[in-house]
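Colleague: Before I use this model, I would like to go through the labels attached to its contacts and ask what each of them rests on.

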Amino acid sequence: MKPTHVLACLAAFLFGLELSHVNIGSVLHVQDFPAPSLGLVGPFAPNEILKDNVHILFKYKINGSETTNVEDGGQSLLLIDKYAEAWHAYSSEDDDSNYSLADKPFANLGAARPLGFMKDAHGNVIVCDTNQGLVSLEPDGRVVLLASRVSASSPIDPDSYIQFANNLDISQSAEGTIFFTDSVQLPAAVEHAPGERPYFEPMSTVMDTLVTGSKTGRLLAFYPQNGTVHVLAKGFWFANGVALSGDESFVAVAETAGFRIHRFWLKGPKAGTMDILIERLPGFVDNMVRAADGSFWVALPAPRTMQAYLLKSKILRALLRYVSPIQLRAAPWGAIMKVSPDGEVLRFLMDTKGSRVSSITDVQEHKLADGRTRLFMGSLLQPYVSCIDIQDDAR
Ligand SMILES: *[C@@H]1O[C@H](CO)[C@@H](O)[C@H](O)[C@H]1NC(C)=O
Ligand SMILES: *[C@@H]1O[C@H](CO)[C@@H](O)[C@H](O)[C@H]1NC(C)=O
Ligand SMILES: *[C@@H]1O[C@H](CO)[C@@H](O)[C@H](O)[C@H]1NC(C)=O
């Protein structure tokens, strides 16, 4: 055995990888992270609320819409799929839970991989595109590039490229400042899946971030009045979801591989500093969205297994990196949570094995006339989006 094979065996052992039918030295095909998630205790007690109540929408018609937006009081939905095509879906007049997808997309964003998107006060859809940066889809259908690099006047990382724009929130104030994340300073790779239309596949960049331990994620602000982009904070291990608090005193930033959410303070005595909203989450953290009651909905697309946790170790990362190509794939599960602005977990909904819904990357809230709450869930990886109606008395 060559030393690299010994290392491969050691890495495989430590990571609990499936070694049967594997020819060491070529590719190790890994079925799943085999262990269950850590931290499924207390407010994170396992349940099947999502599995039992979820509705799957537009299967194989909407592939990889990382985010959804609810428009016109729930009458319509906005979706942007992995081919960068923007779609509307409308609910039927007699049944507001029956959504049908338009016959064709209403816009195409070109060579883009759209992740988070959100309408601004002027009706522009502001899109985080992993390829170009911050893009605006205007009401007349034009696509305008707002920012692809950080301004020279930024106190941190002036004049640097925006590599991987991911998620955003827009201030309700007159300035309409757009807060967004740049996940990692590694480029997103294009993937040509056989028999399918080509699209930009961000997952290999996510895996590279895990295996290289690249803590280069950043929180940025775009000021629409003067077009300036400033870096507010950096050093996140994959910066992801962004959401302003109700009073806009802080902006919450999800750190995917750190299993935690930070607060970057905008106002008050702590302005300009960061602290932790919540940590040791049971899953990788993706998008965050402000709820009507001032708390946040958070998507947890994959579990925090022991193996995922071990990625913290530099030595183990080096093993994976240099002994690769080991292909990591997260176990399927569906999970979302609601957390208060002080870090109290208010709701936790799961499909523990991902048997009906998995890889949820975003949660949008819509209040129904009967007092219940409808949640729409996007997915970066799945060929569908989903929704669930819940009684949300948590606050
Ligand atoms: C979505 O992906 C499936 C294959 O997984 C493919 O058959 C289908 O045509 C795709 N849908 C669109 C709208 O491209
Ligand atoms: C949903 O609405 C569409 C068109 O509005 C209709 O054709 C379809 O029958 C409806 N489905 C159900 C389950 O009501
Ligand atoms: C743009 O506006 C922001 C917010 O008001 C300000 O902080 C920044 O300095 C301005 N930049 C320039 C170049 O004027």
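**Contacts and their criteria**

Modeller: An oxygen atom of ligand 3 is 2.4 Å from an N or O atom in the side chain of N226. As for conventions, this is a predicted model in which local features need pLDDT of at least 70 and side-chain atom pairs count only at pLDDT 80 or more, whereas totals for chains, interfaces and linings use all residues. Residues are numbered from 1 along each chain as its sequence is written, chains are lettered from A and ligands numbered from 1 in the order in which they are written, and side-chain values use heavy atoms, with hydrogens and water left out.

Colleague: What makes the pair formed by ligand 3 and the side chain of N226 a polar contact?

Modeller: A polar contact is a pair of N or O atoms within 3.5 Å; within protein, one must be able to donate a hydrogen and the other to accept it, and residues adjacent in sequence count only if both atoms are side-chain atoms. The N226 pair, at 2.4 Å, therefore qualifies, and a nitrogen atom of ligand 3 likewise lies 3.2 Å from an N or O atom in the side chain of T228. Taken alone, ligand 3 exposes 360 Å², of which the protein buries 46% (accessible areas come from the Shrake-Rupley method with a 1.4 Å probe; for residues, only the protein chains shown count as cover).

Colleague: Which atoms of the protein lie at short listed distances from ligand 1?

Modeller: A backbone N or O atom of Y60 lies 2.9 Å from a nitrogen atom of ligand 1, while oxygen atoms of the ligand are found 2.3 Å from an N or O atom in the side chain of N63 and 2.7 Å from a polar side-chain atom of R197. For ligand 1 taken alone the exposed area is 360 Å², and the protein buries 55% of that.

Colleague: Why is the pair D389 and R374 called a salt bridge?

Modeller: A salt bridge is a side-chain nitrogen of Lys or Arg within 4 Å of a carboxyl oxygen of Asp or Glu, and the closest N and O atoms of D389 and R374 are 2.7 Å apart, so the pair meets the criterion. D389 lies in strand 27 (residues 385-390) and R374 in strand 26 (residues 373-378), so the pair ties together parts that are 15 residues apart in sequence. Strands (E, at least two residues) and helices (H or I, at least four) are DSSP runs, numbered from the N terminus.

Colleague: How do you know whether R374 and D389 are buried or exposed?

Modeller: Buried means under 20% relative accessible area, exposed over 50%, and partly exposed in between (1.4 Å probe, protein chains only). R374, at 2%, is therefore buried, whereas D389, at 23%, counts as partly exposed.

Colleague: What is the situation of D351, as regards burial and salt bridges?

Modeller: D351, in strand 24 (residues 345-351), is buried yet has no salt bridge, and the nearest side chain of opposite charge, K51, is 6.0 Å away. Lys and Arg count as positive and Asp and Glu as negative, with His and the chain ends not counted. A polar atom of the D351 side chain does lie 3.0 Å from the backbone nitrogen of S355.

Colleague: Why is K270 called partly exposed?

Modeller: Its relative accessibility is 38%, so K270 counts as partly exposed; its side chain meets that of D275 in a salt bridge (3.3 Å, N to O).
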